Amino acid sequence: MSLCVGFYLIIKNNGPDLRVPLPDGGASKKVDNVNSDESRKEKFPVRRVETLGALAGNGPMLISEESESGLVTKTYQLTPSKSITEVVVPNPKVPLLGSVEYEALAKQDYFEAIQVETNLSELKEIFEDFPTAKQSEYLYSGIREAYVFKSRIRQLRDSDFLLSADQWKGPFEIEAISNLIERELKARQIKDRLDEDMNRILLDKADAPERFKQRMVRLYGDFPKPIFQRLMSIDIFTEPRELIRP
Amino acid sequence: MVMDKRFLIGVVVCVLVFFAGWWWGFESPIRLGVVESTIQNESQSNTAVTLSRITKVDSELAGSVASVESNPSEVEGITNTYIFSSNHVVTRVVIPNPEFKIFGTSQFESLAKTQFENLTINSKYLVDTNLYELKEVFKDFPAAMNSHFLYSGIYQVAVTTCTLEEVRQLIFNTRYQAMRDLEEANTITDAAERESKIERIKALAGAQLELYKSIQQETLEDGRQNLIKLYGELPKPIFQRLLGIELRLPMGRLPYP
């Protein structure tokens, strides 16, 4: 969210060895999800691991840890010699998910935002088909989380498209350099930068649904796959406003 | 590419026609003063997956409301004519892939099943597990499981979701191009020329976006109608679940002569 403060610590060459042994898997593999359907009680910090590549543990990796206060630490292991740590500090004015205050703000925001983002009614319809959510006191908290999640997915998709669309710039930057060695160096730098940016987007794309599911399990105790699949089909076109205490 | 070549050719043709119409006709003072009702002529063909139902195109940026004429071609496919204002015409020719001539038959089902197996159990490459996810969703849909067209449905969903993703990218690219053109236009020193250029860029981008949005709606509706054609019904939750599964790659063309 916009008011959250991000700190980026770039650690080169001596980044912590955060690799964990992983089984072979697909393009993205969740390895350690502390939160499970059996345990309603959340064990903090919540940890997620996402990897890219056919051989898990052999390619780019993202390790996310989320504390009870909402502080998120994300470590991107992009190459063997480069890792980036991003710390997202929550805005203290935003109430915690699962609180009555959050629900009240989420409900208020729903009725305001639906004037513009009409697909929120589709999200609500889906949550109403999820008895646990409907019977809980946190229906609007769930809708709000889905709104934030879908907006995030759209943002990541646009970043992906932007990266592809911006690729025309690279050759111009390279051609502007006359020295052959410098030109090769520049080409290498551009390629590395594109690879890094693409991998970060892919890792974030893999992490976002897992984070959303974890938060839903925390809120409702369980979160059925069919409900998640249905939510995935709804397009969101606006960015949600932050829920701030009055 | 995700979308089949014929569909892309259709889009390219329509954009070219649009550009031609745009540059020849932009300065024309004649504008449609009346909102014309949408003309809908749906094809009755059983074969065309991409045949279009047309919706009214309302473009704020274009400052006009486009009417759309949709005429089934004499040969195959459908020709859509979008009229954004006088002299601003977009023609989209949609020609269905030939394999869809046999959509809903056991021959199509057999081809779709073979394609599914080639991409999963018989694949030499990394398998997109989301293909299995699609199959899992269909297992919760008795009408599909009891029919003989399970794999035809999977193939149809793959076509729909991949086309939707491709159109999303076209929408993004249009916005991106408009942003770049506007940046360039803002450097023009002559105020009148600058404003005129900016107006043209906005109108063109607006019309293109509306066109793509109508293609999105048509793709969704065509996909839904084809699944109903196969199974007789399609509950909304099932359709949503199917659309919620993203495929990394399309299933590819069926080997139909």
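F138(B) touches A144(B), M145(B), L150(B), G153(B) and I154(B), leaving aside residues up to four places away in sequence. Touching, or being in contact, is taken to be C-beta atoms, placed from the backbone, lying within 7 Å. All of this is read from a predicted model, in which local features need pLDDT of at least 70, side-chain atom pairs count only at pLDDT 80 or more, and totals for chains, interfaces and linings use all residues. Residues are numbered from 1 along each chain as its sequence is written, while chains are lettered from A and ligands numbered from 1 in the order in which they are written.

**The cores**

F138(B) belongs to the largest nonpolar core, which has 32 residues, and is listed with A112(B), L134(B), I154(B), Y155(B), A158(B) and L242(B) as touching the most other members. A nonpolar core here is a set of buried Ala, Val, Leu, Ile, Met, Phe, Trp, Tyr and Cys residues joined through C-beta atoms within 7 Å. Buried means 20 or more other C-beta atoms within 10 Å of a residue's own, exposed means 12 or fewer, and partly exposed is what lies in between.

Which elements feed this core? Helix 2 (106-119), helix 3 (130-139), helix 5, helix 6 and helix 7 (236-243) of chain B each put in at least two residues. Helix 5 of chain B has the largest share, at eight residues. Helices (H or I, at least four residues) and strands (E, at least two) are DSSP runs, counted from the N terminus. Apart from this core lies another one of 27 residues, with Y102(A), A106(A), F212(A) and Y220(A) among them. As a rule of thumb, nonpolar side chains in soluble globular proteins tend to be buried together.

Back to helix 5 of chain B: this helix (residues 150-185) packs against helix 6 (residues 191-231) of chain B at an angle of about 175°, and the two axes are 10 Å apart. The axes are lines fitted to C-alpha atoms, for helices over the stretch in contact, and angles run from 0 to 180 degrees between N-to-C directions. The two helices are therefore roughly antiparallel, a label for angles over 145 degrees. Their contact brings together 18 nonpolar, 11 polar and three charged residues. For these classes, Ala, Val, Leu, Ile, Met, Phe, Trp, Tyr, Cys and Pro are nonpolar, Asp, Glu, Lys and Arg are charged, and the others, Gly among them, are polar.

**The two chains side by side**

| Chain | Residues | Helices and strands | Order of elements | Buried | Contacts 24 or more positions apart, of those with a separation of 6 or more |
|---|---|---|---|---|---|
| Chain A | 246 residues | seven helices and five strands | β-β-β-β-β-α-α-α-α-α-α-α | 27% | 64% |
| Chain B | 257 residues | seven helices and four strands | α-β-β-β-β-α-α-α-α-α-α | 37% | 70% |

**Strands in chain A**

In chain A, strand 3 (residues 61-66) and strand 4 (residues 72-79) pair in the antiparallel sense over six bridges. Strands count as paired if DSSP finds at least two bridges between them. Across this pair, M61(A) stands opposite Q77(A) of strand 4. The hairpin has five residues between the strands, and G70(A) takes a positive phi near 100° there.

Strand 4 of chain A also runs antiparallel to strand 5 (residues 82-89) of chain A, through seven bridges. One of the partnerships links Y76(A) with I84(A) in strand 5. Here the hairpin has two residues between its strands.

**Where the chains meet**

How many residues of each chain are involved? Contact takes in 12 residues of chain A and 13 residues of chain B. On the chain A side, helix 4 (139-165) and helix 7 (225-232) are the elements giving two or more residues, and helix 7 gives the most, with five. By class, that side has six nonpolar, three polar and three charged residues.

Within helix 7 of chain A, I227(A), Q229(A), R230(A) and L231(A) are buried. Their cover includes helix 2 (120-128) and helix 4 of chain A, together with helix 3 and helix 7 of chain B.

In the segment after helix 7 of chain A comes I236(A). Is I236(A) buried or exposed? I236(A) counts as buried because 21 C-beta neighbours lie inside 10 Å. I236(A) touches E117(A), N119(A), Y147(A), K150(A), S151(A) and R154(A), again not counting residues up to four places away in sequence. The C-alpha atoms of I236(A) and N119(A) are 6.6 Å apart, though 117 residues separate the two along the chain.

Conventions
Two residues are in contact if their C-beta atoms, placed from the backbone, lie within 7 Å. Angles under 35 degrees count as roughly parallel, over 145 as roughly antiparallel, 65 to 115 as roughly perpendicular and the rest as oblique.
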